[in-house]
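Visitor: Could you show me around this protein and explain the words you use on the way?

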Amino acid sequence: MQITGDYLRSVAVGSAQDRSGDAARVTGAIRFILLSELIVPFLLLILGVLLGLYQVLARAGIIRSADIFGINYYQGLTLHGVINAIVFTTFFAVAFGNAIMLHQLKRPLKVGVQWASWLLMVGGTLMAAWAMLTGRATVLYTFYLPMVAHWTFYVGATLLLIGSILPYFLDWIPNTLAWRRENPNAKLPLAVLGNLVNFTLWFLIILPLATTVLFQMLPLSLGLASEVNPLLSRTLFWFFGHALVYFWLLPSYIMLYTMLPKLAGGKLYSDPAARLAFLLFLLFSIPVGLHHQYTEGGLSSGWKLWHAFLTFMVALPSFITAFTVAASLEHGARQNGGQGLFGWWSKLPYWSREGDKWLFAYFISGLILFLFGGITGIVNASYSLNLVVHNTAWIVGHFHTTVGGLVTLSFLGMTLYLVARLRGVDVKAKPFALAAPYLWMLGFVIFEIALSITGLQGAPRRSNIGISYLDPSNELLYRGDWLFWSHVGVLGGVLAVIGFLSYVVSLVGTLFAKPVRAPEIDFPIAEALHDAPTPLVVNLRPWVTATLALIAISYTYPVYESITRGVITKVPGYQSIENNLVPQQTLRKQTRLP
Ligand code: HAS
């Protein structure tokens, strides 16, 4: 049995053979691919997190300059957003999806497919990274027009997305169909259902993004078009962009439903409720994008209101999750001897170092942060309240407790867990691994409160306010009343970074530890307490049909409006050069930049 050393040896096996118990053995190329799909984004994440620290220090006026180490504020913001929210999440979702399918269906992944996916994702990321690091793609992570990037950024992003969807079509769907043929009467494992829902969603939303990239962004970037319709680009981008957040969230929900109950010592409270939550995400995640465009001219308010209504509907599966997860925690705690109406909370394994229970800390910290993320999300969704918070620091608070909260914490925890399993080692420096999520959580609770308050005071997001509103020498703009909470925000940011460093200690220790057993994939999957047959959540076909119908109803007219009204405001592309937006044509003439 090969335990160490052969990561780079691309053997043709890449197999997952059932070992004793429930673990799946992973060898050769597949093991290398899975490990690197976790490690590559983690390495980039170190840069992403440090750039986050720069953002918070710059916004508080503690670092008062337009750039740091040659990286301009907006370039850093682009790298921070793209690395943390797009690259890290996409790589993780693919690695985790592969691991889940391998473990749950017990069928091998195809080495050729996995290599193709890996090469496209890594190659695409390197291309886009080159464009961002050289200042040719300072377009922020929401890269809709009229900001324009070098073509390598768009091609890189496209390759990353194509690479991420290959396993779904060429490995996971065929494996699920084969499993279904072998187990005609069995229920699809819950984690598999969650993963398939997530990547079906992913496929559906890549299509509108691909449309604006191929037909608007690339032609503009290559100089084949001189003006574009930015309204259409934004509508297509947010068609993708909001459901994207659920593509980040669903792997976390898979962990909450299938693993957290067991770590808590009990069972999943209701399997049908979990299935219903996943299917409701399929239905409601996409037709809500206009809630990012409430303030955008050219789109009718009636359609914005419709999307606002559906946005409240997409909170429903999260409310179901809050209930089911809390009930599962209570069940686990009572198995551990917990009593009373609230006394059971003390019987959860918050600090346990026993076996895999350290992972519990990542989930519970993420859940606490998600309470803040959920409440602020509901405020954002309201057509009227949104006008108060849109484009302010409030939104930044919201997404650091959603994608920066539950999502990041569960992804980091699972990365550590899988690295240990795939290397055949125990998790090292467990006290550091345990401290990390709590520090991160505490940091981001403080950060969230501080940013919400400065947001309500009017502080804009995406702005180097340290050299404008928070510069006392700027008599016209200076807002001394934002200073206190901006500094509180720094405290939160610094605490979160300390938490991250604590995590790095444990991950690096685990990465270089001496293997003590064969590499394998094994998840702590919980049984269900309530598992009554529920026809509503068994057949996927009506859900997919309803999803397509709801998308068609919700987007046909807004896209039509964007096409017909957006042309009136056709504009050239703009490049961000040292804090200024410069029209692309002017730049071409003056500097001959690509
Ligand atoms: Fe959002 C903007 C609305 C969820 C991410 N969102 C953003 C942006 C990002 C983002 C990145 O309607 C900025 C985009 C940009 O750059 O412009 N969001 C919502 C709503 C929800 C929501 C209604 N967002 C998310 C999630 C994200 C995410 C999830 C990432 C993963 N969001 C908006 C809107 C905007 C927006 C507008 C545009 C704003 C603007 O003007 O630009 C809902 O899905 C939230 C539902 C969640 C809940 C919470 C349930 C609670 C649970 C925890 C239970 C805890 C337990 C443990 C059991 C209802 C499940 C308790 C333990 C103890 C010890 C107490």
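Guide: Here are the surroundings of the ligand, and then a pocket.

Guide: This is a predicted model, in which local features need pLDDT of at least 70 and side-chain atom pairs count only at pLDDT 80 or more, while totals for chains, interfaces and linings use all residues. Residues are numbered from 1 along each chain as its sequence is written, and side-chain values use heavy atoms, with hydrogens and water left out.

Visitor: What makes the pair formed by Tyr-141 and the ligand a polar contact?

Guide: A polar contact with the ligand is a pair of N or O atoms within 3.5 Å. A polar side-chain atom of Tyr-141 is 2.7 Å from a ligand oxygen atom, so the pair counts. Arg-461 also places a polar side-chain atom 2.7 Å from an oxygen atom of the ligand. For Asn-380, a backbone N or O atom lies 3.4 Å from a ligand oxygen, so that pair qualifies too.

Visitor: Which classes of residue make up the shell around the ligand?

Guide: There are 20 nonpolar, 13 polar and two charged residues. Here Ala, Val, Leu, Ile, Met, Phe, Trp, Tyr, Cys and Pro count as nonpolar, Asp, Glu, Lys and Arg as charged, and the others, Gly among them, as polar.

Visitor: Why does Tyr-141 count as nonpolar?

Guide: Tyr is on the nonpolar list, so Tyr-141 goes into that class, even though a polar side-chain atom of Tyr-141 lies 2.7 Å from a ligand oxygen.

Visitor: How much space lies in the second largest pocket?

Guide: About 610 Å³, where a volume is the space filled by probe spheres set on the grid points, joined across faces, edges and corners. On a 1 Å grid over the protein atoms alone, with a 1.4 Å probe, a pocket is an open set of points with protein on both sides within 12 Å along at least five of seven lines, and lining residues have an atom within 4 Å of a point. Among the 20 lining residues, Thr-176 and Leu-188 are two of those closest to the centre.

Terms used
A polar contact is a pair of N or O atoms within 3.5 Å; within protein, one must be able to donate a hydrogen and the other to accept it, and residues adjacent in sequence count only if both atoms are side-chain atoms.
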